[in-house]
Amino acid sequence: MSEVVVISPDRLREIVRDAVESGVGSAIATLSKKTPKEMNDNEAAEYLGVSPITLRAWRSQKRGPAYHKSGRAVRYSKVDLDQWLAGNKVLTIDSLGDHHEKSC
């Protein structure tokens, strides 16, 4: 025999909101565990979506994200990589239109 459950729209919104919050929280926790705070060339390159050779070239040209050196070891902090990505965002006409519509 099947049961029929009646839920108010407000209660359904609460259930969905709680499920989404839980899922997002779990995803953030998983990503935090997978992304180290300090990365070597290969890890940083993968995080940025470029090749390690590109990172090395940028360093030799004094370009790209900030990095730390300890002897010959090069390390990139996740915070520096995120700041560099945010600082190098190129706004397009379409993205400006979207931003304008959201801010109005």
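Biologist: Why is Arg17 called partly exposed?

Modeller: Its relative accessible area is 45%, and the class of partly exposed residues lies between buried (under 20% relative accessible area) and exposed (over 50%), with a 1.4 Å probe and protein chains only; since 45% falls between those two limits, Arg17 is partly exposed. This is a predicted model in which local features need pLDDT of at least 70 and side-chain atom pairs count only at pLDDT 80 or more, while totals for chains, interfaces and linings use all residues. Residues are numbered from 1 along each chain as its sequence is written, and side-chain values use heavy atoms, with hydrogens and water left out.

Biologist: How do you know that Arg17 and Asp18 meet in a salt bridge?

Modeller: A salt bridge requires a side-chain nitrogen of Lys or Arg within 4 Å of a carboxyl oxygen of Asp or Glu. The N to O distance between the side chains of Arg17 and Asp18 is 3.4 Å, which is within that limit, so the pair qualifies. Asp18 is partly exposed, with a relative accessible area of 37%. By this rule the count comes to seven salt bridges.

Biologist: What makes Arg11 and Glu14 a salt bridge, too?

Modeller: Their side chains come to 3.2 Å, N to O, and the two residues lie three residues apart in helix α1, about one turn of the helix. Helices here are DSSP runs of H or I with at least four residues, strands are runs of E with at least two, and both are numbered from the N terminus. Arg11 has 41% relative accessibility and Glu14 has 34%, so Arg11 and Glu14 are partly exposed.

Biologist: Why are Lys78 and Asp82 described as separated by about one helical turn?

Modeller: Because they are four residues apart in helix α4, residues 78-87. The closest N and O atoms of this salt bridge are 2.7 Å apart. Lys78, at 25% relative accessibility, counts as partly exposed, and so does Asp82 at 28%. Elsewhere, salt bridges that share partners join Arg17, Asp18 and Glu21 into one network.

Biologist: Why is Val74 called buried, whereas Val24 is called partly exposed?

Modeller: Val74 has a relative accessible area of 10%, so it falls in the buried class, whereas Val24, in helix α1 (residues 9-34), has 43% and is therefore partly exposed. Val74 belongs to strand β3, residues 73-77. Apart from neighbours within four places in sequence, the contacts of Val74 (heavy atoms within 4.5 Å) are with Met39, Asn40, Asp41, Arg59, Tyr67, His68 and Lys69. Val74 and Asp41 are 33 residues apart in sequence, yet their C-alpha atoms are 6.9 Å apart.

Biologist: What makes Val24 part of a nonpolar surface patch?

Modeller: Patch residues need over 30% relative accessible area and no salt bridge, nonpolar side chains (Val, Leu, Ile, Met, Phe, Trp, Tyr) being joined within 5 Å and like charges within 9 Å. At 43%, Val24 is above the area limit. The patch, of about 690 Å², is made by Val5, Ile7, Leu12, Ile15, Val16, Val20, Val24 and Ile28; accessible areas come from the Shrake-Rupley method.

Biologist: Which residues make up the largest nonpolar core?

Modeller: A nonpolar core is a set of buried Ala, Val, Leu, Ile, Met, Phe, Trp, Tyr and Cys residues joined through side-chain atoms within 4.5 Å. The largest one has nine residues, namely Met39, Ala44, Ala45, Leu48, Leu55, Trp58, Val74, Tyr76 and Leu81. The elements giving two or more residues to this core are α2 (41-48), α3 (52-60) and β3, and α2 gives the most, with three. Beyond its neighbours within four places in sequence, Ala44 is in contact with Met39, Leu55, Tyr76 and Leu81.

Biologist: How do you know that β1 and β3 are paired?

Modeller: Two strands pair if DSSP finds at least two bridges between them; two bridges join β1 to β3, so the criterion is met, and the strands run antiparallel. In this pair Glu38 stands opposite Ser77 in β3. The three strands form an open antiparallel sheet in the order β1-β3-β2. Strands β1 (38-39) and β2 (68-70) stand at the edges, each with a single partner strand, so one side of each is left without a neighbour in the sheet.

Definitions and conventions. Areas by Shrake-Rupley, 256 points an atom, 1.4 Å probe, with all protein chains shown as cover.
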